[in-house]
Amino acid sequence: MPHPEQSTPPVAHLELKATLLLILMGLLLAGTVLYVLYARGVFEPTQRLTLIAENSEGVVVGMDMTFAGFPIGRVRAIELGEAGNARILIDVPRKDARWLRESSVYTLVRGLLGNTNLRAYTGIPEDPPLKDGAEKPVLIGDAAAEIPRLTSAVSELLQRLGALTAPDSALGLTLANVRDVSEKLKGPGGALSVLMGNEADARKLILTIERGNALLARVDGAVARLDGMIGRTDRMIERADAQVLGDAGLMRDVRATVTELNATLAAARTLLAGVQEVVGEAKGAATNARVATADLGVLRADVEANLRKLQHLLDEISRRWPFARDTELKLP
Amino acid sequence: MQWLRAWWRIIRLGARVLALALSAPAYAPRFRRLVLARIYLGTAPLLLWFTVLSSLLGLVIIRIVVVTATSYGLSQYALQMVVRVLVLELIPLTAAIFVALRVALPDSGETAALRARGVLHEHTRAGVERLVREVAPRVAAGVFAVVALAAVSGVVTLILAYLTIYGFVGGGLAQYTRTVGHVFHPSVTLVFVLKTFFLSLAVGLIPVGSALYDAPQRRSRSSMEIRVLVRLFLVILLIEAVSLVGNYY
């Protein structure tokens with residue numbers, strides 16, 4: 001009867017190697033379990049955010065809520081609320097919750113391929129941070145719901161396009177006119193016949209242009225003569241400049257005259273000062289004369305008084321004197 | 001009814017082995033040495049080769065998945081798909097088949113030889129004890145080998161997937177970890193763990209149990225091995241189908 005131990009081939013340090021293998025496997029499994037738990041966010045402190053939506057179509061437990069493309073939360077549960085709406089319970093790690101504010105907006109967007117994205121937007125970063133257990137509404141955007149409307153719009157657009165490109169449509173007629181015009185453009189009159197409508201008018205226009213050219217040639221001659229005149233005028237100005245401002249020019253004489261005039265003015269100023277003195281003296285004499293005239297008035301009054309006294313005296317003498325005449329008038 | 005009885009006896013053997021694993025005599029020094037030796041000899045020679053082979057196969061599949069997903073603009077789903085297809089589905093299955101071919105079948109042959117010599121019988125208490133003591137290390141070796149190979153290859157594949165998608169930079173680690181966390185949803189993880197456990201148990205138990213309880217055949221040993229393999233593959237297929245139903249329905 002073979003012994004159990006004999007059924008295994010001999011290996012050196014078998015027990016030690018087997019123990020090591022077991023320990024390594026244990027460590028590997030434990031590490032894997034810890035990593036998966038970490039990846040599931042078990043060790044991360046979170047806060048709860050409840051999003052309230054009309055329906056939870058496309059939302060699955062475990063899906064991410066993103067902010068600026070980065071996942072910052074994970075759907076933990078979906079439940080039907082008392083009001084018949086969907087309540088999406090999201091766990092947001094506390095380190096990521098700082099991106100969410102009270103004024104943040106949440107959207108649930110369903111793509112054309114059935115993929116659903118839950119996104120958060122924060123417009124005002126200065127707002128107070130989102131509280132734990134907050135309940136917020138979520139805006140739903142459904143790309144698939146747009147398809148029927150888009151189809152009808154495209155169909156209408158195609159109909160209009162068909163009507164637009166029909167042979168008897170305005171566009172068709174316009175294109176026919178454009179073809180006529182292009183044929184005229186290729187004709188002898190060219191663009192002028194298109195603009196004028198007929199060749200006679202186009203010829204008139206050409207004649208006008210030719211006359212205009214001749215006129216321009218004459219204007220050129222006139223301009224040349226004008227240039228000559230301007231040249232002569234320039235030379236004249238140069239000569240005048242030399243005569244006025246040159247070394248022996250008028251300006252120098254004027255300057256000398258002004259200097260003499262200044263000297264004359266100074267002499268006149270001195271003379272005027274003398275005249276002012278004479279006037280002052282004359283003023284004094286006139287004042288004296290006015291005083292003297294006042295005294296003469298007094299004197300004449302005295303003289304007149306004295307004469308009246310003398311007349312009165314004479315009259316008294318004459319009356320009292322025997323040879324006095326009878327001056328009394330006697331009435332008959 | 002014979003096959004049903006054989007199945008029942010195999011299941012009972014499994015229960016006995018598990019009971020032994022949970023009882024004190026299993027950890028007596030002499031028996032423990034025997035189990036350790038079986039475990040080491042069943043796992044160590046396979047570990048390196050299986051890891052290399054599964055890494056090569058995994059690398060090819062990862063590359064195909066990533067390139068295809070990128071060409072359709074679905075690169076964000078590539079990693080999820082790689083983890084689901086390789087780590088959760090293919091690697092445990094491959095490990096189970098590999099161990100079945102390299103460890104369980106030879107053990108089955110040895111057990112059949114012991115049985116043919118009349119060493120193993122269940123008629124006496126000592127015979128049952130001897131049977132369990134002879135079979136239990138082999139079952140433990142098969143179970144451990146499947147778990148070890150699946151675990152090592154799974155970890156190596158996860159590392160290869162990261163390197164293939166993000167390259168030798170650490171910048172994608174946070175996103176990678178998050179995606180792995182997405183895939184290992186609790187229910188998916190539970191199904192994965194149960195699947196690996198039952199696969200390993202099937203690989204450890206069925207070949208040895210078949211060698212013990214199948215009716216003696218007149219045909220050759222190779223025909224017995226093929227019968228064992230077919231039975232084992234049926235069970236593996238059943239476990240795989242149940243796990244897929246559990247995961248995706």
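Begin in chain B of this predicted model by selecting helix 3 (residues 78-116) and helix 5 (residues 173-183). Their axes come within 10 Å of each other and cross at roughly 50°. That angle is neither under 35 degrees nor within 65 to 115 degrees, and helix 3 of chain B and helix 5 of chain B are therefore oblique to each other. Rotate the view to look through the pair: helix 3 of chain B passes helix 5 of chain B in a right-handed crossing.

Next, display the side chains at this crossing. From helix 3 of chain B, select Leu79(B), Gln80(B), Val83(B) and Arg84(B). Opposite them, in helix 5 of chain B, select Tyr176(B), Thr179(B), Val180(B), His182(B) and Val183(B). Coloured by character, the residues of this contact comprise five nonpolar, three polar and one charged.

Now move to chain A and select strand 2 (residues 64-67) together with strand 3 (residues 70-80). The two strands run antiparallel and are joined by four bridges. To locate the pairing, centre on Met65(A), whose bridge partner in strand 3 of chain A is Gly73(A). These strands form a hairpin with two residues between them, and Ala68(A) in this hairpin takes a positive phi near 55°.

Keep strand 2 of chain A selected and add strand 6 (residues 116-121) of chain A. Here the pairing is parallel, over three bridges. Thr66(A) is a useful place to centre the view, with Arg119(A) of strand 6 of chain A standing opposite.

Return to strand 3 of chain A and add strand 4 (residues 86-93) of chain A. Six bridges link this antiparallel pair. Select Ile78(A), and then Ile88(A), the bridge partner of Ile78(A) in strand 4 of chain A. Strand 3 of chain A and strand 4 of chain A also form a hairpin, with five residues between the strands. End the tour in that turn at Gly84(A), which has a positive phi of about 80°.

Note on methods:
Residues are numbered from 1 along each chain as its sequence is written. Chains are lettered from A and ligands numbered from 1 in the order in which they are written. This is a predicted model: local features need pLDDT of at least 70, side-chain atom pairs count only at pLDDT 80 or more; totals for chains, interfaces and linings use all residues. Two strands pair if DSSP finds at least two bridges between them. Axes are lines fitted to C-alpha atoms, for helices over the stretch in contact, and angles run from 0 to 180 degrees between N-to-C directions. Angles under 35 degrees count as roughly parallel, over 145 as roughly antiparallel, 65 to 115 as roughly perpendicular and the rest as oblique. A crossing is left-handed if the near helix is turned anticlockwise from the far one by less than a right angle, and right-handed if clockwise. Two residues are in contact if their C-beta atoms, placed from the backbone, lie within 7 Å. Ala, Val, Leu, Ile, Met, Phe, Trp, Tyr, Cys and Pro count as nonpolar, Asp, Glu, Lys and Arg as charged, and the others, Gly among them, as polar.
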